[in-house]
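Please open the structure in your viewer, with side chains available for display, and follow the stops below in the order in which they come.

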Amino acid sequence: MQANGAGQAQDSELSCLNSAQNGESSSASGAHSNGLISSTNNGNTVSTNNGASAGVASGTSAASASGSEVGSTMKKKKRLSQSEEDVIRLIGQHLHGLGLNQTVDLLMQESGCRLEHPAATKFRNHVMEGEWDKAESDLNELKALMHSPSAIVRMKFLLLQQKYLEYLEDGKVLEALQVLRGELTPLKYNTERIHILSGYLMCSHAEDLRAKAEWEGKGTGSRCKLLDKLQTYLPPSVMLPPRRLQTLLRQAMELQRDRCLYHNTKLDSSLDSMSLLLDHVCSRKQFPCYTQQILTEHCNEVWFCKFSNDGTKLATGSKDTTVIIWQVDPETHQLKLLKTLEGHAYGVSYLAWSPDDTYLIACGPDDCSELWLWNVQTGELRTKMSQSHEDSLTSVAWNPDAKRFVTGGQRGQFYQCDLDGNLLDSWEGVRVQCLWCLSDGRTVLASDTHQRIRGYNFEDLTDRNIVQEDHPIMSFTVSKNGRLALLNVATQGVHLWDLQDRVLVRKYQGVTQGFYTIHSCFGGHNEDFIASGSEDHKVYIWHKRSELPIAELTGHTRTVNCVSWNPALPGLMASASDDGTVRVWGPAPFLDTQDLEGLNENCCSMDS
């Protein structure tokens, strides 16, 4: 380990066995210490020590190569701890993978450690050289070192399988048949796999065999993969798991990213995606908590906003009876008015894009008995639906097949309809607040006036309780994988439920929620974040795992009714408010530090 660039060992406890001490070296051992390195290059010995000749030491004669003299000059070493030995072995394995075998030998010699058990080394060499009989014989020696000796059968099976496939590839069908019948079958292990292997005898040529067996073919590649499988049965004290250092580093990087409150980009498992020299920290300036655009085309309260499933459009609905479709510029992320859909006499309080983004359904407030189904591409009204003037069609959800939808309200029923508004099914006696169709295409989730969410199946006409709250559920949304539900609960705020286990996972703090209908959302890359409007005029953002908000976005002057996170652009979010505006949020613009300090008032961050 180097310190301050001097290249000299500072801790005698970490210095290596058999290495020279205090600036003296042994040329016979080839070891290095205190910045002195001896190596051989094309038969010539090259020795350096911070620019000074290794053969000269302050006018004294060169150090003797005899073992007795080296022993007399060495300080007695303290035994390495287990963790220190583990680190040296991990480094050695990594260097070996890079082909630096001489460096590995030197490291093991100086440290007094052993990269792996000699029996494991012998086994590895025999496998890589394709000496299958010797490798099989090595298993008897390894058996005594294993925690589960029964695993020997599985290891032997893997060896014989490789041996069988290599014989087949070489055209040695008789030898392969002998391995199959005389060696693999008597193991009485994985008979199903043996039947599959026997089928490979019918392969007409090597390419056909490799394709059917999904096998690389005889050589280093397939044998390395075989070794990776074999190593899983051996204790790490005998043979390290494959690429163990890279695995540990990758786990550390993933843990840092998981703990990073503002990490909002695609997870890359490559070690090259992050620096190993610094802790991973994402800046809040990369997060969508700065106003990029204010849309003022609506002339009254904006009750709802929703990005299309492909993220290219935003739909906003208002008390002013219009729906506006906005186009998202893929480069600048600026929104531009695309078309206005008019004629919703009661105003628009809910919008739902079809799964393929071809259609958009608009619903009104509680006293609205009509539903509008628009063709987004043409701007034409395809269906205007009303079952009864006494109905209340305030919520809607699309079936995954994009050919059906369910709609209902608080008057006591909800319906399943086709694209022309024809009634397919109905469910009576349910006062619906909000609806959602699960990906199975059969189950409809409905929140009702009994402060619960129930699942309804139109095929077998069954229903079951899934969520029970103590206060009215004003709205809810479901994660893409269908596992989690996000609820806005009257006087309580935002709650996260696990629909599969039917348990309340988390209550998020900060938001002001009375009896207004506020729509929250999942968002960000991998839906790691949650955003909600609030009656205190703010937008709140939480990391899914943290109850405290990581950002409070200010700018609106009245209640924020709805928040939508762009599903294709994790750095883009929109919010709709009673102040008549839609705010588009994104990362901080590229500004000087002084400008950013003035802009920070727009985003108050609270790290939890």
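Begin by selecting helix H9, residues 206-213, where Asp208 and Lys212 both lie, 4 residues apart, which is about one turn of the helix. In this predicted model, the two side chains form a salt bridge whose closest N and O atoms are 3.6 Å apart. Asp208 itself is buried, because its relative accessible area of 18% falls under the 20% limit used for that class. A search of the whole structure finds 22 salt bridges, and the next stops visit further examples.

Select Arg454 and Asp463 next, whose side chains meet in a salt bridge with an N to O distance of 2.4 Å. Is Arg454 buried or exposed? With a relative accessibility of 12%, Arg454 counts as buried, whereas its partner Asp463, at 36%, counts as partly exposed.

Now move to Arg483 and Asp501, where the side chains again meet in a salt bridge, here at 3.1 Å from N to O. Arg483 sits in the loop between strand S20 (473-478) and strand S21 (484-489), while Asp501 sits in the loop between strand S22 (493-498) and strand S23 (503-508), so the pair ties together parts that are 18 residues apart in sequence. Both ends of this bridge can be coloured by accessibility: Arg483 is partly exposed, with a relative accessible area of 29%, and Asp501 is partly exposed too, with a value of 45%. To see salt bridges that share partners, select Asp133, Lys163 and Glu183, which are joined in this way into one network.

Leave the charged side chains and turn to the rings, for which a search of the whole structure finds 14 aromatic pairs. Select Phe304 and Tyr350, whose ring centres are 4.8 Å apart and whose planes meet at 45°, so the pair is classed as tilted. Phe304 belongs to strand S4 (residues 302-307) and Tyr350 to strand S8 (residues 350-353), so this contact ties together parts that are 46 residues apart in sequence. Both Phe304 and Tyr350 are buried.

Continue to Trp427 and Phe458, where the ring centres lie 5.7 Å apart and the planes stand at 75°, so the pair is edge-to-face. Trp427 is found in strand S15 (residues 423-428) and Phe458 in the loop between strand S18 (452-457) and strand S19 (462-468), so the pair ties together parts that are 31 residues apart in sequence. Trp427 and Phe458 are both buried. Extend the selection to Phe414 and Tyr456, since ring pairs link Phe414, Trp427, Tyr456 and Phe458 into a cluster.

For the last stop, select helix H11, residues 244-259, which has 16 residues and reaches 23 Å from its first C-alpha to its last, close to the 22 Å expected at 1.5 Å a residue. Highlight Gln246, Met253 and Arg257, which are buried in H11. Where do the buried residues fall when H11 is seen down its axis? If you rotate the view until you look along that axis, they fall within an arc of 40°, so they line one face of the helix. To see what lies against them, add helix H2 (82-97) to the display, because the buried residues of H11 pack against H2.

How values were computed:
Residues are numbered from 1 along each chain as its sequence is written. This is a predicted model: local features need pLDDT of at least 70, side-chain atom pairs count only at pLDDT 80 or more; totals for chains, interfaces and linings use all residues. Side-chain values use heavy atoms; hydrogens and water are left out. A salt bridge is a side-chain nitrogen of Lys or Arg within 4 Å of a carboxyl oxygen of Asp or Glu. Helices (H or I, at least four residues) and strands (E, at least two) are DSSP runs, numbered from the N terminus. Buried means under 20% relative accessible area, exposed over 50%, partly exposed in between (1.4 Å probe, protein chains only). Rings of Phe, Tyr and Trp (its six-membered ring) pair if their centres lie within 6.5 Å; planes under 30 degrees apart count as stacked, over 60 as edge-to-face and the rest as tilted. The expected span of a helix is 1.5 Å times one less than its number of residues. The arc is that of the directions from the helix axis to the C-beta atoms. Contact means heavy atoms within 4.5 Å.
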